[in-house]
Amino acid sequence: MAFSHYSVLLEETIENLNIKADGIYVDGTLGGGGHAIEVAGRLSDKGHLFGIDQDDAAIAAAGERLKPYLKRVTLFRSNYQNMKNLLAEEGVTEVDGIVLDLGVSSYQLDTEERGFSYRFDTALDMRMDRRQSLTARDIINDYSEQELYRIIRDYGEDRFAKNIARHIAMVREKSPIETTGQLNEIIKAAIPAKMRQNGHPSKRTFQAIRIECNRELEILRDSLEDMLALLKPKGRLCIITFHSLEDRIVKSAFKQEENPCICPPEFPVCVCGRKPRGRVVTKKPILPSEEELAQNSRSKSAKLRVFEKK
């Protein structure tokens with residue numbers, strides 16, 4: 001199928017990047033190139049955009065879409081956690097802006113064989129980078145019951161995590177769990193019927209397994225420092241999150257960078273020497289408009305937060 005991905009909060013993100021025609025920008029989660037093409041179109045021949053994505057289908061689709069701007073665009077098939085090193089290899093140590101549009105793309109959700117969605121019955125996969133060996137099947141069948149409970153509880157925030165993990169462990173004792181359909185039935189059996197009314201019962205568990213498979217929160221947490229260090233003065237980092245776990249990490253990191261002082265509140269002046277790296281532009285996250293929500297229901301949980309380097 002053709003790579004399609006609705007770029008959430010597109011206008012708001014581009015506006016908050018404060019794009020300079022001669023600037024250097026990075027799209028760390030390229031997807032279909034929706035944000036990237038808007039950035040590239042605003043650059044002069046002296047400006048440059050670096051796009052990063054670990055999904056081969058995304059790189060192919062974005063490369064095609066960005067063909068009119070190839071002289072000012074460089075694409076990498078990699079994870080944004082490698083941004084600093086990738087740019088260093090190109091002789092770039094500072095950038096004017098960075099965009100991250102986190103989560104799973106519409107293409108990945110809607111491509112049956114990728115195994116991201118509970119809507120299809122297909123092999124358990126969920127890899128954003130199909131070069132990696134770990135799949136959702138490995139997690140479901142090889143992780144201990146306690147590890148599964150922790151993942152579903154922490155990453156899925158599912159109140160029935162313990163029961164779901166127990167049911168998975170019981171079923172796989174007889175034979176391996178191979179498909180999303182099998183996992184759906186196991187989850188359904190683990191949740192009381194009267195509690196299955198609020199959305200699909202598998203939604204939280206599938207989210208949790210996907211996050212674990214792709215190390216999404218760990219990579220985000222570990223990459224923020226490098227991205228902030230890459231920004232030039234007045235450079236901006238724009239991050240779109242889709243669930244509370246991601247948003248919490250970003251919100252906390254931005255707040256810490258704006259106010260890093262660790263002196264006791266009763267001290268009249270700061271003596272710890274920690275200086276703010278910049279300011280949080282979005283005191284409250286930017287949310288999708290009613291118009292955008294009407295066009296794309298998947299954007300309903302999106303939040304945009306922006307940090308500006310001092």
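## Close-up views of a predicted model

**View 1. Helix α11 against the sheet.** Helix α11, which covers residues 216-230, lies across the three strands β4 (95-101), β5 (231-241) and β7 (303-309), and the direction of this helix makes an angle of about 150° with β5. Helix α12, formed by residues 244-258, also packs on the sheet, where α12 touches β5, β6 and β7 and has a direction at about 20° to that of β7. The model shown in this and the following views is a predicted one.

**View 2. The open sheet and its edges.** Seven strands form an open sheet with mixed pairing, and reading across the sheet gives the order β3-β2-β1-β4-β5-β7-β6. The edge strands are β3 (73-77) and β6 (278-280), each of which has a pairing partner on one side only. On average, and with direction ignored, neighbouring strands of the sheet are turned by 15° against each other. At the β3 edge, strand β2 (residues 48-53) pairs with β3 in the parallel sense over 5 bridges, and one position to look for is Gly-51, whose bridge partner in β3 is Leu-75.

**View 3. Strands β4, β5, β7 and β6.** Strands β4 and β5 run parallel and are joined by 6 bridges; in this pairing, Val-99 has Cys-238 in β5 as its bridge partner. Strands β5 and β7, by contrast, run antiparallel, and 6 bridges join them. Two residues to find here are Ile-239, whose bridge partner in β7 is Arg-305, and Arg-236, which stands opposite Glu-308 in β7. Strand β7 also pairs with β6, in the antiparallel sense and over 3 bridges, and in this part of the view Arg-279 stands opposite Glu-308 in β7. Strand β5 has 8 of its 11 residues buried, so β5 is largely enclosed by the rest of the structure. Strand β7 is mostly covered as well, with 6 of its 7 residues buried.

**View 4. Helix α12 and what covers it.** Helix α12 has 15 residues, which at 1.5 Å a residue should span 21 Å, and the C-alpha atoms at its two ends are 21 Å apart, in agreement with that expectation. The buried residues in α12 are Leu-245, Glu-246, Asp-247, Ile-249, Val-250, Ala-253, Phe-254 and Glu-257. Their cover includes helices α7 (145-156) and α11 together with strands β5, β6 and β7. Following the chain beyond this helix, the reader comes to Val-269, which is placed in the loop between α12 and β6. Val-269 counts as exposed because its relative accessibility is 55%. Glu-258 and Val-269 are 11 residues apart along the chain, and their C-alpha atoms are separated by 17 Å.

**View 5. The meeting of helices α10 and α11.** Helix α10 (residues 203-214) packs with α11 at an angle of about 50°, and the axes of the two helices are 5 Å apart. That angle makes α10 oblique to α11. In the contact, Arg-210, Ile-211 and Asn-214 of α10 meet Glu-216, Leu-217 and Ile-219 of α11. Sorted by class, the residues of this contact are 3 nonpolar, 1 polar and 2 charged. Arg-215 lies in the loop between α10 and α11, and, although a residue other than glycine, Arg-215 has a positive phi near 50°. With a relative accessible area of 36%, Arg-215 is partly exposed.

**View 6. Helix α8 and the loop before it.** Glu-157 is placed in the loop between α7 and α8 (161-172), and this residue has a positive phi of about 50° although it is not a glycine. Glu-157 counts as partly exposed because its relative accessibility is 35%. Helix α8 itself has 12 residues, which at 1.5 Å a residue should span 16 Å, and its end C-alpha atoms are 17 Å apart, which agrees with the expected value. Buried in α8 are Ala-161, Ile-164, Ala-165, His-167, Ile-168, Ala-169 and Arg-172. These buried residues pack against helices α6 (136-142), α7, α9 (180-190) and α10.

Note on methods: Residues numbered from 1 in each chain as written. Predicted model: local features only at pLDDT ≥ 70, side-chain atom pairs only at ≥ 80, totals over all residues. Heavy atoms only, no water. Pairing = 2+ DSSP bridges. Helix = DSSP H or I, 4+ residues; strand = E, 2+ residues; numbered from the N terminus. Axes fitted to C-alpha atoms, helices over the stretch in contact; angles between N-to-C directions. Contact = heavy atoms within 4.5 Å. Parallel < 35°, antiparallel > 145°, perpendicular 65-115°, else oblique. Nonpolar A, V, L, I, M, F, W, Y, C, P; charged D, E, K, R; others polar. Expected span 1.5 Å × (residues − 1). Buried < 20%, exposed > 50% of the residue type's maximum accessible area, 1.4 Å probe, protein only.
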